[in-house]
Amino acid sequence: MSEEYKEKLSKTEYDRIGDMLLELFADCPYIPTDAKIKYNSKDVGKCVYIMTAGGSIKSRDVIGGFTAELAIQVAYQSFPTGNGQMITAQNVVDNITSWLEDIDNFPKLTGNRKITKITAEPSFSTVEQVENDTATVYVANVVMEYEV
């Protein structure tokens, strides 16, 4: 098997991970109280959303287990009106991803899966139309690695 080829994760695998991510984000102290948490979708107002962007099995072991990684985007959609509010909004994403990277005791996944690490890249901004308003969305690319 080529080193370049990575086996894709199944839909069932994504569903299990999605449930865990929602559980994990519900405990995050950096999500604003007025923001909804969404998985693979956005809301009209302020929201933190988690988008799974693809995953693969990196390697398999001889007893049937594997190491996998899942690419995720963590985003915060808000409506800042000045530089100070924009800095505060970007800090929301940066604080969430720093918190994720610092977790030592991850929630359990089903089927003896165990998260081994989460790493995040620096956040960036994008501007989107939301109904009749302009939203600024700060996004960070994250990789979650886990094993079975």
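Before I start, one term: a cavity here is a set of grid points where a 1.4 Å probe fits but cannot get out, and a residue lines it when it has an atom within 4 Å of a point. With that in hand, let me introduce the structure, which is a predicted model, and work from the overall layout towards the interior.

The protein chain has two helices and seven strands, and if you follow it from the N terminus, the order of the elements is β-α-β-β-β-α-β-β-β. There are 148 residues in the protein chain, and 39% of them are buried. If we take the contacts between residues at least 6 apart in sequence, 61% of these join residues at least 24 apart. As for the outside, the protein chain exposes about 8,600 Å², of which carbon and sulfur atoms supply 47%.

Now to the interior, where the largest nonpolar core has 33 residues, and where F25, I96, L100 and M144 are the ones with the most contacts inside that core. At least two residues of this core come from each of α1, β3 (47-60), β4, α2 (83-102), β5 (114-120) and β7 (133-147). Apart from this core lies another, of five residues, which include Y49, A75, V137 and V139.

It is worth pausing on M144, and asking which residues M144 is in contact with once its neighbours within four places in sequence are left aside. They are I17, M20, L21, A68, E69, L70, I72, I115, K117 and I118.

That brings me back to the term I began with, since the structure holds one cavity of 30 Å³ or more, and the space in this largest cavity comes to about 40 Å³. Its lining is formed by L21, L24, F25, I72, V74, L100, I118 and V142. Two elements, α1 (11-26) and β4 (66-78), give two or more residues to that lining, and α1 provides the largest share, with three residues. What classes of residue make up the lining of the largest cavity? Eight are nonpolar, while no polar and no charged residues take part. Some names recur here, for F25 and L100, which line the cavity, are also among the residues with the most contacts inside the largest core.

Let me finish with a single residue, T134, which is located in strand β7. T134 counts as partly exposed because its relative accessibility is 38%, and partly exposed covers what lies between under 20% for buried and over 50% for exposed. Along the chain T134 and T81 are 53 residues apart, and their C-alpha atoms are separated by 10.0 Å.

How values were computed. Residues numbered from 1 in each chain as written. Predicted model: local features only at pLDDT ≥ 70, side-chain atom pairs only at ≥ 80, totals over all residues. Heavy atoms only, no water. Helix = DSSP H or I, 4+ residues; strand = E, 2+ residues; numbered from the N terminus. Buried < 20%, exposed > 50% of the residue type's maximum accessible area, 1.4 Å probe, protein only. Contact = heavy atoms within 4.5 Å. Areas by Shrake-Rupley, 256 points an atom, 1.4 Å probe, with all protein chains shown as cover. 1 Å grid on protein atoms, 1.4 Å probe; cavity = no way out; pocket = protein on both sides within 12 Å on 5 of 7 lines; lining within 4 Å. Points joined across faces, edges and corners; volume = space filled by probe spheres on them. Nonpolar A, V, L, I, M, F, W, Y, C, P; charged D, E, K, R; others polar. Core = buried A, V, L, I, M, F, W, Y, C linked by side-chain atoms within 4.5 Å.
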